[in-house]
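Hi,

Here is the structure I said I would pass on. Have a look at it first, and then read on for what turned up.

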Amino acid sequence: MPYISSLHVYPIKSCAGHDLSRAELDVRGIHNDRSWMVVTESGSFLSQRSHPAMTLIQTALDDGHLSVSAPEMDDLTLETKNEGDTRQVEIWGDLCEGVDQGDAAAAWFSTHLNTACRLVHFKTDFVRPVDPDYAPRTTDQVGFADGFPLLLISVASLADLNVRLPEPIRMNRFRPNIVVADCPPYSEDTWKQIRVGDLLLDVVKPCGRCATTLVEQESGSKGKEPLKTLATYRKLAGPDPVFGQNVVHQSEGVLETGMVVEIID
């Protein structure tokens, strides 16, 4: 049967992520996943699409503190602010509330990205609903991820893509939270609901891929793949090629690597 081969968390939207062996799911997805976001001074989100250097920002979390590092930058450690200067911020047309993380954070990110910006933390009591066209429940919500709490991709799907590419790429180009092994390529396209341990997960929408996948995560360099190749065989619906599936969890709980993935529907 399929099983979880790896789990990933991305604390700051569009910055580098890191591996987990165990992930706690809160109401918005993996705890601390995309809980911080870099925004312009007017509140619009920034991403690797326009600022590939974001991938060079490494993060670490420790007891309420966020640490960031990047080439040619001094390391910075911040105590997470959950109260204080609240800003209205925008992500894909959704207006959210974020708590500004202070001038030191703003200066650090502005210097690294060479653009005036601020760092905000998702306001604890704010609710950003999942798109009602896809949300199985009216209570489903998400943080600063593009639109859904979780993204799932199979190992076999990446292996199939890599056979078609001029040079193979790593899974981190696609920024999944859950990577599943021991299933055929693209079998996740057919799943509607899965069970992992005590958790039921709804597979709700194929993930249309954007220019973030063009950014090599270790160097920040940008090319034409994998979108050029994906466009030749993965335009299943809509203008963008799809790779991976967006997932909504039915309850809070725990995921661990090695857990069996049971296909319910």
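Let's start with a question: which residues of helix α2 (residues 155-164) are buried? They are A156, S157, L158, L161 and N162. The cover over these buried residues includes β12, α3 (227-230) and β16. Do keep in mind as you read that this is a predicted model.

Two of those covering elements come back at the largest pocket, which has a volume of about 940 Å³. Its lining is made up of 40 residues, and D146, G147, C207, G208 and N246 are the closest to the centre. Strands β12 (150-154), β15 (199-208) and β16 (242-249) each put at least two residues into that lining. The top contributor is β15, with 4 residues. By type, the lining of this pocket splits into 19 nonpolar, 8 polar and 13 charged residues.

There's also a second largest pocket, at about 550 Å³. Here 28 residues form the lining, and those nearest the centre are H31, N32, S35, W36 and H121. Two or more lining residues come from each of β2 (18-20), β3 (22-26), β4 (29-30), β6 (58-62) and β11. Of these, β3 gives the most, namely 4 residues. The split for this lining is 8 nonpolar, 12 polar and 8 charged.

Strand β11 is a good way into the next part, the sheet. If you trace the 4 strands of this open sheet, you get the order β5-β11-β10-β9, and the pairing is antiparallel. On the edges sit β5 (36-40) and β9 (86-91), each of which pairs on one side only. On average, neighbouring strands in this sheet are turned by 50° against each other, ignoring direction.

A helix goes with this sheet as well: α1 (residues 103-113) packs on it and touches β5 and β11. The direction of α1 makes about 125° with that of β11.

Now for the pairings themselves. Strands β9 and β10 are joined over 6 bridges in the antiparallel sense, and one of the pairs matches V89 with C96 in β10. The two strands form a hairpin with 2 residues between them. In that turn, W92 has a positive phi of about 50°.

On the other side of β10, how many bridges link strand β10 (residues 94-100) with strand β11 (residues 117-122)? There are 3, again antiparallel. D100 has V120 as its bridge partner in β11, while V99 is partnered with H121. You have met H121 already, among the residues nearest the centre of the second largest pocket.

One last residue to look up is H112, which belongs to helix α1. Is H112 buried or exposed? Its relative accessibility is 14%, so H112 counts as buried, the cut-off being under 20%. Setting aside neighbours within four places in sequence, H112 is in contact with A53, L56, I57, A70 and M73. You could also find I12 from there: H112 and I12 are 100 residues apart in sequence, and their C-alpha atoms are 15 Å apart in space.

That's the tour. Over to you!

Cheers

Conventions. Residues numbered from 1 in each chain as written. Predicted model: local features only at pLDDT ≥ 70, side-chain atom pairs only at ≥ 80, totals over all residues. Heavy atoms only, no water. Pairing = 2+ DSSP bridges. Axes fitted to C-alpha atoms, helices over the stretch in contact; angles between N-to-C directions. Contact = heavy atoms within 4.5 Å. 1 Å grid on protein atoms, 1.4 Å probe; cavity = no way out; pocket = protein on both sides within 12 Å on 5 of 7 lines; lining within 4 Å. Points joined across faces, edges and corners; volume = space filled by probe spheres on them. Nonpolar A, V, L, I, M, F, W, Y, C, P; charged D, E, K, R; others polar. Buried < 20%, exposed > 50% of the residue type's maximum accessible area, 1.4 Å probe, protein only.
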